[in-house]
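Reader: I would like a close look at one part of this protein, the surroundings of the annotated active-site residue, and then an account of how that part sits within the rest of the chain. Please take it slowly and keep to what the coordinates support.

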Amino acid sequence: MDVRMKCTSEEPVSPEQKIPASSQRLLQFTNCRLVRDHRIIHEDLWVRDGRIVNPEPVFFDERAKAHCRIDCGGAIIAPGYIDLQINGGYGVDFSYDTETIEEGVATVARGLVKSGVTSFCPTLVTSPSDSYHTILPRIPAEVPKGAGILGIHAEGPFINPQKKGAHPEHCIQTIDKGLSTLKETYGSLERIKIITLAPEKVTDPEVIGQLVERGITVALGHSMASLSDGERAVQQGATLITHLFNAMLPFHHRDPGLVGLLASDAVPHGRTVYFGIISDGVHTHPAALRIAYRTHPQGLILVTDAISALGLEEGVHHIGQLPLQVKQGKAFIAGTETLCGSIAPMDECVRIFQKATDCSVVYAIEAATLHPAQCLKIEKQKGTLDFGSDADFVLLDDQLRVLSTWIAGVCVHRTVK
């Protein structure tokens, strides 16, 4: 598929060049198929001032024409992918590289657009309090030509040491003074968007609700929780499960644990329990992907859980306070067989998931776009191609390979053939 762009002057402009900066610049993407309203439709996409616009008033009220028309060569245009759990990549670890965190986040943000990711939550694994105090204030709010930063995902330190995974046990804490404990640990809750905690370790019944009131999504994970522990946390406001099946009790027919939340009848009416799932071909068996998809499809969110070795060759790297080793396409805590994160980019996760579950192309895309946006309650701005949404989108071929990535209507990546 060949993407071509022409402006009203008829002078060709390559797709990777920045559109002239006028806020009234009107772009028309033609010869494309849009992922919209849970289906693929043959329709043009119109963009102005960084947002997707309704062409009808442009035609009939303004009588305006596009300044630039982009021939998409029959490509699929989908909303940009959203990654709610990513620890780093391209040699950068958000929890470990404290001295160069600004530069590191920028490196990852610019690298992620290659895989179609236009928004993400930099994720910090369990770390010393001093690390949170140092890192959180320095994570940039935005990166030019990079994926947007939605807020920080604090995965720990309030987890169960029996399910610590790659998290350093000596840094794990308990919430012993309610919300004050979290404020003391993180220094500030201002930049935090998601907190993963073990619900059985939360003794103050008001903590989860207090976090939700502050606009923080509470996720349950790295936990030995029973189903009743999980149901109680959901009733208090928790709405997300961190990397389903990983770092939690396995499903048992008499007490299905956190996995049971996918079919629980104790979830408050009208509330959706979302769950992240890693479809990298390593962390979650294809049959487990199918079970999750068929049991609770509306809550499924694809996450990469990617680590610093994303985009790098095999060797020894770091995740948080621990060394890791990449070998045979997998990442382990160095010297062990304990998995500690994924090295598969989001576009690959989408393809693996679609193949494993035989779901529709639209569903696979929505699991990495609409569902995470709904989980964070930002679906009016992100995760769709609806009129008024941010013009963050990706052009895909029929094999769901990324052709180009656009943020605010500007091409930030184009695959070189």
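Author: What follows begins at the annotated residue, moves through its surroundings, and then turns to the cores and the domains. The model is a predicted one, and the description should be read with that in mind.

The starting point comes from a record: the unreviewed UniProt entry carries the annotation "active site" on Asp305, an annotation that may be inferred rather than shown by experiment. Asp305 sits in the loop that runs between β20 (300-302) and β21 (315-319). Is this residue buried or exposed? With a relative accessibility of 7%, Asp305 counts as buried, because the cut-off for that class is under 20%.

Which residues surround Asp305, once its neighbours within four places in sequence are left aside? They are Gln85, Asn87, Glu155, His243, Ile278, Gly341 and Ser342, and some of them deserve a second look. His243, one of these contacts, belongs to the loop between β18 and β19 and is buried, with a relative accessible area of 4%. The backbone of His243 also calls for attention, since its phi is positive, about 25°, although the residue is not a glycine.

A further histidine, His283, can be placed beside this group through its contacts. His283 lies in the loop between β19 (274-277) and α7 (286-295) and is likewise buried, at 13% relative accessible area. Beyond the residues up to four places away in sequence, His283 touches Asn246, Ile278, Leu339, Gly341 and Ser342; Ile278, Gly341 and Ser342 also appear among the contacts of Asp305.

Glu155, another contact of Asp305, leads to a backbone feature, as β15 covers residues 152-155 and the loop from there to α4 (179-186) contains Pro157. The peptide bond joining Gly156 and Pro157 is cis, with omega about 10°.

The stretch before β18 can be followed in the same way. In α6, the buried residues are Leu227, Asp229, Gly230, Glu231, Ala233 and Val234, and what covers them includes α5 (207-213) and β17 (217-220). After α6 comes Gly237, with a positive phi near 130°. Thr239 then lies in the loop between α6 (227-236) and β18 (240-241) and is buried at 12% relative accessibility. Leaving out residues up to four places away in sequence, Thr239 touches Thr217, Val218, Arg271, Thr272, Val273 and Tyr274.

From here the view can widen to the packing of nonpolar side chains. In soluble globular proteins, such side chains tend to be buried together. The largest nonpolar core of this model has 83 residues, and the members that touch the most other members are Phe120, Tyr186 and Leu300. Helix α2 (residues 101-112) supplies the largest share of this core, six residues, while domain 1 (23-78 + 385-414) and domain 2 (80-376) each contribute at least three. Leu300 links this core back to the starting point, for β20 (300-302) is the strand that precedes the loop of Asp305. Apart from neighbours within four places in sequence, Leu300 is in contact with Phe275, Ile277, Ala292, Tyr293, Phe353, Tyr363, Ala367 and His371. Apart from the largest core lies another, of 20 residues, which includes Leu34, Leu45, Val47 and Ile52.

How are the two domains placed with respect to each other? Their centres, taken over C-alpha atoms, are separated by 30 Å, and 18 residues of domain 1 are in contact with 19 residues of domain 2. Domain 1 is assigned in two segments, 23-78 and 385-414, and Arg51 offers an example of how these segments meet. Arg51 is in strand β7 (residues 51-52) and is partly exposed, at 40% relative accessibility. Its C-alpha lies 6.4 Å from that of Ala408, although 357 residues separate Arg51 and Ala408 in sequence. Arg51 also touches Trp46, Gly388, Ser389, Asp390 and Ala391, and a polar atom of the Arg51 side chain lies 3.1 Å from the backbone oxygen of Gly388.

A last point concerns the cysteines. The structure holds zero disulfides. Cys32 is buried, at 5% relative accessible area, but its sulfur is 4.5 Å from the closest cysteine sulfur, that of Cys72, which is too far for a bond.

Definitions and conventions:
Residues numbered from 1 in each chain as written. Predicted model: local features only at pLDDT ≥ 70, side-chain atom pairs only at ≥ 80, totals over all residues. Heavy atoms only, no water. Helix = DSSP H or I, 4+ residues; strand = E, 2+ residues; numbered from the N terminus. Buried < 20%, exposed > 50% of the residue type's maximum accessible area, 1.4 Å probe, protein only. Contact = heavy atoms within 4.5 Å. Disulfide = S-S within 2.5 Å. Core = buried A, V, L, I, M, F, W, Y, C linked by side-chain atoms within 4.5 Å. Domains from an automatic or database assignment. Polar contact = N/O pair within 3.5 Å; in protein donor to acceptor, adjacent residues only side chain to side chain.
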